[in-house]
Amino acid sequence: IVLTNKLQNPKFVLDIIKKDAEKGENGKEVPLSDVEFKLEKLKAETTAGGEPQVDTTYKFNSTNNSTNIGSITAKTDENGKITKVFANLEPGTYRLTETKAHRGYNLLAQPIVIEFTQGGECFIDGEKITDTKTFVQSGNTYTMNLTVLNRKTPELPHTGADAPSLWLLIGMPLAVAGLLIFTFRYNRKGGRRH
């Protein structure tokens with residue numbers, strides 16, 4: 001009898017929690033719903049310019065039985081979470097981009113680069129994740145629970161007149177009246193002689 005033991009590639013799951021960086025009323029966290037994220041797998045090699053290229057042939061197999069090639073998108077639920085959508089990921093480098101922000105919030109300034117290694121490690125923007133509550137191993141599957149914080153867009157102060165058309169309606173007749181008065185006075189004092 002010959003038994004063959006095959007090395008299994010680790011599988012990775014990326015779960016996302018999107019919430020406000022500031023606590024809400026009563027010190028509670030504020031989850032942000034309807035935030036859309038796009039996940040793309042990057043090729044190992046880069047172009048001469050060094051910019052990473054998207055692997056347009058990579059197939060994302062999410063648990064909802066749809067096959068997405070090149071990239072996969074998902075929206076946060078009412079609890080600000082995306083779970084089990086970015087699943088069965090192979091080792092490699094991925095780019096997570098926020099494509100639609102919650103109302104009143106800005107999009108993330110730049111994408112988040114996530115690297116999963118063959119050895120079962122995770123790096124986010126080049127920094128190794130060692131927190132076992134954030135990066136959890138269960139058998140051959142590793143789950144990264146990524147919390148993405150966002151701040152509200154500051155409201156700009158109101159500028160300009162409240163009713164510019166009203167000032168135009170008042171100002172134009174006054175300007176015309178002033179011009180007529182100036183013209184009549186100029187002509188009465190002699191003005192130009194022909």
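This passage describes the salt bridges, a nonpolar surface patch and one strand residue in a predicted model.

Side chains of opposite charge can pair when their charged atoms come close. In this model, the count of such salt bridges comes to seven. One of them is formed by Glu 29 and Lys 19, whose closest N and O atoms are 2.9 Å apart. This pair links distant parts of the chain, with the two residues 10 positions apart. Lys 19 belongs to strand S1 (11–20), whereas Glu 29 sits in the loop between strand S1 and strand S2 (36–46). The two partners also differ in their exposure class: Glu 29 is partly exposed, with a relative accessible area of 46%, while Lys 19 has a value of 16%. Lys 19 is therefore classed as buried, because its value falls under the limit of 20%.

Glu 29 also takes part in a salt bridge with Lys 23, with an N to O distance of 3.5 Å. Lys 23 has a relative accessible area of 53%. Since the class of exposed residues begins over 50%, Lys 23 is therefore counted as exposed.

A further salt bridge joins the side chains of Glu 121 and Lys 128, at 2.8 Å from N to O. Both of these residues count as partly exposed, Glu 121 at 29% relative accessibility and Lys 128 at 40%. As for shared partners, salt bridges join Lys 19, Lys 23 and Glu 29 into one network.

A nonpolar patch is also present on the surface. The patch covers about 310 Å² and is made by Val 176, Leu 180 and Phe 184. Val 176 is located in helix H1, which spans residues 164–188. The relative accessible area of Val 176 is 45%, and this residue is partly exposed. Patches are made of residues with over 30% relative accessible area, so Val 176 passes this cut-off.

The remaining residue considered here is Lys 84, which is part of strand S7 (residues 81–89). With a relative accessible area of 53%, Lys 84 is exposed. Lys 84 and Ile 16 are 68 residues apart along the chain, and their C-alpha atoms are separated by 9.4 Å.

How values were computed
Residues numbered from 1 in each chain as written. Predicted model: local features only at pLDDT ≥ 70, side-chain atom pairs only at ≥ 80, totals over all residues. Heavy atoms only, no water. Patch = residues over 30% accessible without salt bridge, like charges linked within 9 Å, V, L, I, M, F, W, Y side chains within 5 Å. Areas by Shrake-Rupley, 256 points an atom, 1.4 Å probe, with all protein chains shown as cover. Salt bridge = Lys/Arg side-chain N within 4 Å of Asp/Glu carboxyl O. Helix = DSSP H or I, 4+ residues; strand = E, 2+ residues; numbered from the N terminus. Buried < 20%, exposed > 50% of the residue type's maximum accessible area, 1.4 Å probe, protein only.
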